[in-house]
Amino acid sequence: MNKDNKFYLGLDIGSISTKGVIIDKDDNIIAQSYLWTEGDPINAVKKVIEELKESLGKEVKIVGVGTTGSARELIGTIFNATVIKNEITAHAIGTLKFHPDVRTIFEIGGQDSKIIIIDNGIVVDYAMNTLCVAGTGSFLSSQAKRLAIPVEEFGDYALRSKKPSKIAGRCTVFAESDLVHKIQMGHTREDIIAGLCDSIVNNYLNNVGKGKNIEMPIVFQGGVSKNIGVLKSFEKITNSEVIVDEYGHLMGAIGVAILAKQSDKEIDFDFEIKDLNFRTSGFECGGCPNNCEIVCVLQGNKILDAWGNRCEIGREKALAKYKQ
Amino acid sequence: MEKENNKTKKVCFPHMGNYFIAFKEIVEPLAEIISPPPITKKTVELGTRYGPESACIPFKYNLGNYIEALDKGANFVIQAGGGCRFGYYGEVQEEILKKLGYEFEFFKFPNDYNFLTLARALQKINPKVSIVKILYSLGLAYFKIRAIDKLDDYVRLNIGFEIEKGEFEKTFKLFLKDLEKDKKILSIRRTQARYLKLLKNIKLNKPKNPIRVVILGEVYVVMEPFSNFNIEKQLGAKGVEVHRHSSLSTTIHDLFFNKRVMKEFLEKARPYLRNDTGAHGTETVGLAHHSAKAGFDGAIHIKPFGCMPEVNAMSALHRISNDYKFPIIYFSFDSQTSETGVKTRLEAFYDLLIMKKQKNEQR
């Protein structure tokens, strides 16, 4: 094993899926993994690390770990990450690696969607959806279930449509009732699915993309980017070419691995960490009417960290609770 | 009715930032004060449960404050008024509280008030107190507000750079405690000067050219840190110099002492605005335009969800942001806003600013 060869692990723990990559010092991807989070981020990450280890087939020295996604704090604490970054920055950094000239990133994931505007290699504007999951992956998959079509085939159905139905897209509830109505009126499934793809794109552009300067090259990422129907709708409605690349779903993980590489800190990451027992435990503080929900992260019975508190009382209570 | 017993009047009014100790000054000579407990999640929950769904978040905080104070024994409620929906909130809140079965008197600031008409109206709470005394207590309150804002401004600019973490907050808390005791204008000025000096003595590790961010938007969510998830503190912790114009003293100044300021804001807002947006929207656009030209790194615009004047301001802000390449992010606060979402966006905004700065410095 060459001692100079340093490697970096990037983990992107989303609401629906968990992604992991290992890159070398030249940012080449040498291992990757993509699994469902299934409501258990700790376990999902353990499995991802297991998979990464297997696909490597050899021992490598990992000196940096980065985490992103909605469980970044939790996983970052457990795996002693060198970098914990929000998903907006991570996606931008990852994408810039593959598309240095990118101007616009569309990202639609399981429960959120975002747009990132880049000028001259730096993020200049961004937005994320608020309050509502309309037009995200979970909406698509619930509608796929209603139509009894595997979500993977959704795109092909959409492409076969000649005349997409018009589906109200502002809100999941409206879209759903409109969709039911169109089904009962006798629209074909192909037209409805194509209409749904259009409505997702319109909803995205009118909410998240509102007021943003959308310029080419455009890169489309996130789980929904694998849906060819939505991709075609994007191209049709923005009247521009939209790029989807094979690493689209891994961009956050790659970005945060690159950030881990750029950081000054170095750690000695041990793959065996996946065999340790981590758990979380929550309680309501009760120190004042705020009643903060405190989450404690534990390794065995040792407390690693606690959060959710608005003031010091909650932290002290958490520490006292798990004092040896 | 001759013998009105003012001892039985127990007055309450809402919280907003640290200003409670100033408001207290006005009411103290008139009647007993029942202070609502500090704003907590319970306050919002009460306000959301009993307030109309579509009312903006300051309405809900105020209503929650009232309910918590009435439960503590208050029987006299004070509400101010303003240039947007807020102007009608008093009446609606009175109605809601009555329907909930509370017995109380309701006092709303007169329309288009000035110091004298306000003092006259306040005198009705306790006619035995002379108008001169009430005017004096209004003056005391004003000076306390000014002192709070003066020190707060300094803290905001520097808290991100203190070497010993927590020193600013500790000193500021002591300041508020001492200020609360001051009963003369002169002693308020002295406390202000003494603590400003103490704050300035706190050792800083400040780069020559720090990231400078402007906070813009609706005044309640700007001024009440609980309602904006301590956005200023979060920014400070990242090492950002936080600037903000909106405070109670500037609001009072612009409304009463120098009405021309509002015209100047409209002037500054040109060519993005030609007419007044209502409430503080014009100020928002004027300040954004000014800060973009003055070379600030970015701005954060915050408002209660559905705040009409600030929504009006936003389309102008989008254009300013485009024309000057001036990053602005927008937050709407509501009882349903998730703290995590705010944190993620704020982190990303900070990354954006720092990367932009590094890129510019490389050139």
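Where in chain A is A148(A) found? Select A148(A) to begin: the residue sits in the loop between α4 (137–146) and α5 (154–160) of chain A. Keep in mind throughout that this is a predicted model.

**Backbone of chain A**

Stay on A148(A) and check the backbone. Its phi is near 55°, a positive value in a residue other than glycine. Most residues other than glycine have a negative phi, and most peptide bonds are trans. A148(A) has a relative accessible area of 62%, so it counts as exposed, the cut-off being over 50%.

Next, select N80(A). Here too phi is positive, near 55°, and the residue is not glycine. N80(A) belongs to the loop between α2 (72–78) and β5 of chain A.

**Cis peptide bonds**

Now pick M216(A) and P217(A). The peptide bond from M216(A) to P217(A) is cis, with omega near -5°. P217(A) lies in the loop between α7 (189–206) and β9 (218–221) of chain A.

Switch to chain B and select R270(B) with P271(B). A cis peptide bond links them, and omega is about 5°. Look for P271(B) in the loop between α12 (260–269) and α13 (281–293) of chain B.

**A helix pair in chain B**

Show α7 (residues 167–181) and α8 (residues 185–201) of chain B. Their axes come within 10 Å and cross at roughly 170°. An angle over 145 degrees counts as roughly antiparallel, so α7(B) and α8(B) are described that way. Turn on side chains for the contact: α7(B) contributes residues including F168(B), L174(B), F175(B) and L179(B). From α8(B), the contact residues include I188(B), Y195(B), L198(B) and L199(B).

**K85(A) and its contacts**

Return to chain A and select K85(A). The residue is in the loop between β5 (83–84) and α3 (87–98). What does K85(A) touch, not counting residues up to four places away in sequence? Its contacts in chain A are T67(A), T68(A), G69(A), R72(A), V256(A) and L259(A), and those in chain B are E347(B) and D351(B). For a distance check, add I22(A): K85(A) and I22(A) are 63 residues apart in sequence and 17 Å apart in space, C-alpha to C-alpha.

**Surface stops**

Select I16(A), Y34(A) and W36(A). They form a nonpolar patch on the surface, with about 300 Å² of accessible area together. Y34(A) is in strand β3 (residues 29–36) of chain A. Its relative accessible area is 33%, which makes Y34(A) partly exposed.

Finish at L319(A), in helix α10 (residues 312–321) of chain A. L319(A) is partly exposed, at 41% relative accessibility. Measure from its C-alpha atom to that of L304(A), 15 residues apart along the chain: the separation is 9.5 Å.

Definitions and conventions
Residues are numbered from 1 along each chain as its sequence is written. Chains are lettered from A and ligands numbered from 1 in the order in which they are written. This is a predicted model: local features need pLDDT of at least 70, side-chain atom pairs count only at pLDDT 80 or more; totals for chains, interfaces and linings use all residues. Side-chain values use heavy atoms; hydrogens and water are left out. Patches are made of residues with over 30% relative accessible area and no salt bridge: like charges are joined within 9 Å, nonpolar side chains (Val, Leu, Ile, Met, Phe, Trp, Tyr) within 5 Å. Accessible areas come from the Shrake-Rupley method with a 1.4 Å probe; for residues, only the protein chains shown count as cover. A salt bridge is a side-chain nitrogen of Lys or Arg within 4 Å of a carboxyl oxygen of Asp or Glu. Helices (H or I, at least four residues) and strands (E, at least two) are DSSP runs, numbered from the N terminus. Buried means under 20% relative accessible area, exposed over 50%, partly exposed in between (1.4 Å probe, protein chains only). Axes are lines fitted to C-alpha atoms, for helices over the stretch in contact, and angles run from 0 to 180 degrees between N-to-C directions. Angles under 35 degrees count as roughly parallel, over 145 as roughly antiparallel, 65 to 115 as roughly perpendicular and the rest as oblique. Contact means heavy atoms within 4.5 Å.
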